[in-house]
Amino acid sequence: MILLYKELIKQYKSDYEIKQLIKEGKIFKIERGVYSDNNNVNYLEVLTKKYPNAIFTLDSAFYYHNLTDVIPEKECLALKRNSTKISDDRVKVVYYQDNLFELGKSTLKINGVDIQIYDKERMLIELIRNRKTLGFDYYKEIIGNYREIKDSLNTKKIAEYISKFAIENYLYDVIMKEVF
């Protein structure tokens with residue numbers, strides 16, 4: 001189980017006691033402020049513990065939803081616009097407006113770790129919104145994979161999500177032309 005320092009200090013009351021547990025091998029320091037009762041932890045579990053309000057998006061979400069085989073160089077995490085900045089070399093942060101942040105949020109189990117991630121329907125919209133910043137081949141690969149799973153997508157969800165964006169007509173037109 002992964003614990004943050006503030007959780008450990010509540011449980012053990014002193015920094016000295018925590019250091020003793022580390023010496024005895026009962027607790028392991030994974031990284032600054034992150035501890036575990038197991039020396040071998042999944043980095044996704046560390047990220048979800050350190051950034052509990054973040055949602056996996058863009059490259060990470062496309063990869064975890066099996067829409068691409070391109071492993072992201074950094075994990076893409078979404079946060080609300082007014083969130084505290086994350087300084088972590090493993091992470092690329094994308095900020096969303098508060099009214100769009102929770103839209104399509106779901107949970108997915110990756111290597112035994114439950115992560116917060118946008119569903120495939122929301123990620124289709126994000127793909128279209130970000131198409132100019134993504135590589136052409138990368139975009140075409142993901143769109144092609146969406147075409148293959150179009151029958152399993154929830155079109156009511158897609159329509160509901162699209163209605164929340166200012167570029168509603170554009171999103172609808174592109175999705176209809178390129179996926180359906």
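**Aromatic pairs and a small set of strands**

Tyr5 is partly exposed, with a relative accessible area of 31%. This residue of the predicted model makes a good starting point, and its partner is Tyr35, which is buried at a relative accessible area of 8%. The rings of Tyr5 and Tyr35 form a tilted aromatic pair, with 6.4 Å from centre to centre and 45 degrees between the planes. Because Tyr5 belongs to helix 1 and Tyr35 to strand 3, the pair ties together parts that lie 30 residues apart in sequence.

What, then, do the strands form, and in which order? Three strands make up an open sheet in the order 1-3-2, and their pairing is antiparallel. Strand 1 (2-4) and strand 2 (28-31) are the edge strands, each of them pairing on one side only. On average, and ignoring direction, neighbouring strands of this sheet are turned by 35 degrees against each other. As general background, the strands of a sheet pair through backbone hydrogen bonds, in either a parallel or an antiparallel manner. Here, three bridges join strand 2 to strand 3 (residues 34-36) in the antiparallel sense. Within strand 3, Val34 is the bridge partner of Glu31.

Helix 1, the element that carries Tyr5, spans residues 5-12. This helix lies across strand 1 and strand 3, and runs at about 85 degrees to strand 1. The tilted pair of Tyr5 and Tyr35 can thus be followed from helix 1 to strand 3.

Turning to the aromatic rings as a group, the count comes to five aromatic pairs. Such a pair is described by the distance of the ring centres and the angle of the planes. Besides the pair of Tyr5 and Tyr35, the five include that of Tyr63 and Tyr64, which is edge-to-face, with 5.6 Å centre to centre and 65 degrees between the planes. Tyr63 is partly exposed, at a relative accessible area of 26%, whereas Tyr64 is buried, at 10%. Together with Phe56, Tyr63 and Tyr64 form one aromatic cluster.

Aromatic rings also meet a charged side chain in this model. Over which ring does the charged end of Arg122 sit, 4.4 Å from its centre? That ring belongs to Tyr118. Arg122 also lies over the face of Tyr96, where the distance from the ring centre is 4.9 Å. Arg122 is therefore placed over the ring of Tyr118 as well as over that of Tyr96, by the rule that CZ of Arg is within 6 Å of the ring centre and within 35 degrees of the ring normal.

Definitions and conventions. Residues are numbered from 1 along each chain as its sequence is written. This is a predicted model: local features need pLDDT of at least 70, side-chain atom pairs count only at pLDDT 80 or more; totals for chains, interfaces and linings use all residues. Side-chain values use heavy atoms; hydrogens and water are left out. Two strands pair if DSSP finds at least two bridges between them. Helices (H or I, at least four residues) and strands (E, at least two) are DSSP runs, numbered from the N terminus. Axes are lines fitted to C-alpha atoms, for helices over the stretch in contact, and angles run from 0 to 180 degrees between N-to-C directions. Contact means heavy atoms within 4.5 Å. Rings of Phe, Tyr and Trp (its six-membered ring) pair if their centres lie within 6.5 Å; planes under 30 degrees apart count as stacked, over 60 as edge-to-face and the rest as tilted. Buried means under 20% relative accessible area, exposed over 50%, partly exposed in between (1.4 Å probe, protein chains only).
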